[in-house]
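I opened this one with a notebook beside me and jotted down what I looked up, in the order I looked. Here are the entries, for anyone who likes to follow along with the viewer open.

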Number of protein chains: 2
Amino acid sequence: MTTATPTSSSRELPHPAREEIRLESVLHALSDPMRLQVVRELAADGDELSCSHFDLPVTKSTTTHHFRVLRESGVIRQVYRGTAKMNGLRRDDLDDLFPGLLASVLTAAARQAVRLGGG
Amino acid sequence: MTTATPTSSSRELPHPAREEIRLESVLHALSDPMRLQVVRELAADGDELSCSHFDLPVTKSTTTHHFRVLRESGVIRQVYRGTAKMNGLRRDDLDDLFPGLLASVLTAAARQAVRLGGG
DNA sequence: CGACTCGTACGATAGGCATCGTAGTACGGG
DNA sequence: CCCGTACTACGATGCCTATCGTACGAGTCG
């Protein structure tokens, strides 16, 4: 069988089920500039981005920490693929639980970026 | 001019201007259960609610703290009226800066309340 | 196997924050 | 003027968290 990618190995990461995702945790996860930036890039460049793809102004340890917060809050899904760890937005789950929330946050972030960055 | 309500006195509270409101701060303010509850009540019961109207399971000191976080992040506007301090959502400013954000957060909070509270 | 890359785990640290209690200020009414 | 109400200011406390550095585990490639 072609079985949509066998997740590469036995290294499985704990994710909250859809029903376990809490709005407060999602908002908290998104309230950090680093993490908001990550989510914006994931939304823009499509899913399946490796951790190392992001060039955050912090060490790798801290990057790992932020990705874990995003995963444990239910914002992203993480899957190992070889040595890389691929990250993807949990659009379906978030849209089902909180319709329009992700979209309005992304729009708001984009507008603010223009407002602050573009003078 | 008829001076739309003289704000009762000289006690003025510092608010961020519309352009100074940061998305991250708003999300952080809304990520606390107490504050999210306050915002929900403000949205439901209309503006102009005094601090003492809210029956939060914390002391008054803590309540004051939460209201200040909401005000300084730009989520609410606070005005003294006699000994009372009236609170109102900054709907206009938020909708202008982050269209749809407040609405989707409120909808998400309501849905989650039903989901968790209603079994 | 050996080396290299990617990411983790762990400990440390410093700052933030939610919470409290007490003492104090501002306003309104008798 | 005195008192009660509404809210604040300040200090303390304990937890959470963003950050780092170093040492380690898991895969890949030669």
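**Around DNA strand C**

I began with the surroundings of DNA strand C and counted 25 residues there, the closest being A:Thr64, A:Lys85, B:Thr59, B:His65 and B:His66. A reminder to myself: this is a predicted model.

Next I sorted that surface by class and got 14 polar, 6 charged and 5 nonpolar residues.

Then I asked which part of the strand faces the protein: what share of the atoms of DNA strand C within 4 Å belongs to sugar or phosphate? The share is 74%, and bases supply the rest.

**Individual polar contacts**

I looked up three pairs of atoms. On chain A, a backbone N or O atom of A:Ser52 sits 3.0 Å from a phosphate oxygen of DNA strand C. On chain B, a backbone N or O atom of B:Thr59 is 2.7 Å from a phosphate oxygen of the strand. A base takes part as well: an N or O atom in the side chain of A:Lys60 lies 3.0 Å from a base nitrogen of DNA strand C.

Which elements give two or more residues to this surface? I noted α3 (60-73) and β3 (84-89) from chain A, and α2 (33-45) and α3 (60-72) from chain B.

**A closer look at β3(A)**

Since β3(A) had turned up in that list, I stayed with it for a while. Is β3(A) mostly covered or mostly open? Covered: 5 of its 6 residues are buried.

I then checked its partners. Strand β2 (residues 76-81) of chain A runs antiparallel to β3(A), and 6 bridges join the two. In β3(A), A:Leu89 is the residue opposite A:Ile76. The hairpin of β2(A) and β3(A) has 2 residues between the strands, and A:Gly82 there has a positive phi near 70°.

Strand β1 (residues 49-50) of chain A also pairs with β3(A) in the antiparallel sense, over 2 bridges. Here A:Leu49 faces A:Asn87 of β3(A).

**Comparing the two chains**

Last, I superposed chain B on chain A. The operation is a rotation of 180° with 0.0 Å of shift along its axis, and the RMSD is 0.1 Å. I wrote "two-fold axis" in the margin, because that is the relation this describes. The same surface serves both copies, as 100% of the contact residues of chain B recur in chain A.

Note on methods: Residues are numbered from 1 along each chain as its sequence is written. Chains are lettered from A and ligands numbered from 1 in the order in which they are written. This is a predicted model: local features need pLDDT of at least 70, side-chain atom pairs count only at pLDDT 80 or more; totals for chains, interfaces and linings use all residues. Side-chain values use heavy atoms; hydrogens and water are left out. A residue is near a molecule or strand if one of its heavy atoms lies within 4 Å of it. A polar contact is a pair of N or O atoms within 3.5 Å; within protein, one must be able to donate a hydrogen and the other to accept it, and residues adjacent in sequence count only if both atoms are side-chain atoms. Helices (H or I, at least four residues) and strands (E, at least two) are DSSP runs, numbered from the N terminus. Ala, Val, Leu, Ile, Met, Phe, Trp, Tyr, Cys and Pro count as nonpolar, Asp, Glu, Lys and Arg as charged, and the others, Gly among them, as polar. Buried means under 20% relative accessible area, exposed over 50%, partly exposed in between (1.4 Å probe, protein chains only). Two strands pair if DSSP finds at least two bridges between them. Copies are superposed by least squares on the C-alpha atoms of residues with pLDDT of at least 70 in both. Contact means heavy atoms within 4.5 Å.
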